[in-house]
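Please open the structure in your viewer and keep the sequence panel visible beside it. The tour below proceeds by selections, each followed by a short account of what is there.

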Amino acid sequence: MKIGLYIRLFGRPDAQDAAPTWASVREQALAAEATGFDLVVLEDALLYPGDGGSDGVWEAVSMAAAVAAATSTIGVGHAVINSPYRAPALTAKIAATLDEIAGGRYTFGLGLGNTPDDYPAFGINADPRYSRFAEAIQIIHGLLRGERVDFEGEYYRAQGAELVLRGPRPAPPIVIAAGKPRAMRLVARYADEWNWWTAGRDDHPRLREQVAEMERACEEVGRAPASLRRSLDIFSVAVPGVPPLLADSDGLQISGSPDAIADALLAYGELSFAEVRLNLLAPPSTPRTDAIAWMKDVVSLVHAA
């Protein structure tokens, strides 16, 4: 199993935890590379409104390019690019460009969009989410697969679009995050990998239902389910010193010794998830780079299994 690390891009100047800077993002990426993580992934949002004030978010494509240039061996990806933010032909060009900067280390994560509060704030038309994405992925997939795309839809269009310049491989893998049946059919038709999420431990019954639905989607479009790679984002993995309620209110936090954490992560391999990406929780007093370094034994155990 591969193991990745989330690097958060959101914060605000008056928060208890220091808001991320490029320097801190770079340090985390280099620490993850030194610790043995297989990849780092970045979120894509514009604003997180909240009761105590909105959290700002650094622009994810710019940050991914910088991380790719600053590292040399670790994979770089998005979890996931927010499809409504950018025209689909531009999104395909971004993916190819990031793969060039990363030397073939970029994983192109893409989602239908799940940040409803920031769309009107930034003047973005996002609804109907599924119908827009169903058009967008046709353009993106065609361009990344080397086609010259002519497409006229209700929401998007492309007239003779093509990607003339490409990175060191034909295209980065397309990873689509989806949890509803119609969107899963698009995953089965167009993606190299399906991505989904869990809050933490013991979420196997819910995920088993999601996996079964994804496999039905593959069968409906005539695809072998085993040909679709699976990755899982896990949002509550804690290093020592994190109070349980800091992670979530349902007791799903994955914590304990390196062996205990590794066992909990590897258990999701029973559902054929080939990769897990961790949102790592650390006490406010612990530098993020120290928390990442603490995970070295966990990473080694996951790789060795």
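Begin by selecting Y48 and D55: in strand β5, D55 is the bridge partner of Y48. Please keep in mind throughout that this is a predicted model.

**The open sheet**

Extend the selection to β4 and to β5, residues 55-57, which pair in the antiparallel sense over two bridges. Now add β2, and an open sheet of three strands appears, in the order β2-β5-β4, with antiparallel pairing. Why is one side of β2 and of β4 left without a neighbour in the sheet? The reason is that β2 (10-11) and β4 (47-48) stand at the edges and each has a single partner strand. As general background, the strands of a sheet pair through backbone hydrogen bonds, in either a parallel or an antiparallel manner.

**Strand β14 and its partners**

Next, select residues 275-281, which form strand β14. How many of its seven residues are buried? Seven of the seven are, and the strand is described as mostly covered. In a regular strand, side chains alternate between the two faces of the sheet. Colour E275, R277, N279 and L281 in one shade for one side of β14, and V276, L278 and L280 in another for the other side; both faces are covered, and all of these residues are buried.

Then display the strands that pair with β14. Strand β1, residues 2-7, pairs with β14 in the parallel sense over four bridges. To find one point of this pairing, select L5, whose bridge partner in β14 is L278. Strand β13, residues 229-238, also pairs with β14 in the parallel sense, over six bridges. Here, select L232, which stands opposite V276 of β14.

**The second largest pocket**

Keep E275 in view and add K2, L39, T107 and R229. Of the 15 residues that line the second largest pocket, these five, K2, L39, T107, R229 and E275, are the closest to its centre. The pocket has a volume of about 210 Å³. What is the character of the lining of the second largest pocket? Its residues divide into three nonpolar, four polar and eight charged.

**Two helices with a buried side**

Select helix α9, residues 258-266, and highlight its buried residues: P258, I261, A262, A264 and L265. They lie on the same side of α9, because they cover an arc of only 160 degrees around the axis. Show β1, β13, β14, α10 (288-294) and α11 (296-304) as well, since the buried residues of α9 pack against these elements.

Now turn to helix α2, residues 60-70, where A60, V61, M63, A64, V67 and A68 are buried. These residues, too, cover an arc of only 160 degrees around the axis, which puts them on the same side of α2. Among the elements that cover them are α1 (22-35), β3 (39-42), β6 (75-78) and α3 (88-101).

From α2, move to Q28, which is found in helix α1. Is Q28 buried or exposed? With a relative accessibility of 6%, Q28 counts as buried, because the cut-off for that class is under 20%. Beyond its neighbours within four places in sequence, Q28 is in contact with I7, R288, T289 and I292.

**Unusual backbone points**

The last selections concern the backbone. Most residues other than glycine have a negative phi, and most peptide bonds are trans.

Select A79 and V80: the peptide bond from A79 to V80 is cis, with omega near -5 degrees. V80 is placed in the loop between β6 and β7 (81-82). Then select D127 and P128, which are joined by a cis peptide bond with omega of about -5 degrees. P128 lies in the loop between α4 (118-121) and α5 (129-144).

Go on to D202, which has a positive phi of about 60 degrees although it is not a glycine. D202 is found in the loop between β12 (193-198) and α7 (204-220), and it is exposed, with a relative accessible area of 59%.

Finish at S272, in the loop between α9 and β14. S272 has a positive phi of about 70 degrees, although it is not a glycine. With a relative accessible area of 45%, S272 is partly exposed.

Key
Residues are numbered from 1 along each chain as its sequence is written. This is a predicted model: local features need pLDDT of at least 70, side-chain atom pairs count only at pLDDT 80 or more; totals for chains, interfaces and linings use all residues. Side-chain values use heavy atoms; hydrogens and water are left out. Buried means under 20% relative accessible area, exposed over 50%, partly exposed in between (1.4 Å probe, protein chains only). Two strands pair if DSSP finds at least two bridges between them. On a 1 Å grid over the protein atoms alone, a cavity is a set of points where a 1.4 Å probe fits but cannot get out, and a pocket is an open set with protein on both sides within 12 Å along at least five of seven lines; lining residues have an atom within 4 Å of a point. Grid points are joined across faces, edges and corners, and a volume is the space filled by probe spheres set on the points. Ala, Val, Leu, Ile, Met, Phe, Trp, Tyr, Cys and Pro count as nonpolar, Asp, Glu, Lys and Arg as charged, and the others, Gly among them, as polar. The arc is that of the directions from the helix axis to the C-beta atoms. Contact means heavy atoms within 4.5 Å.
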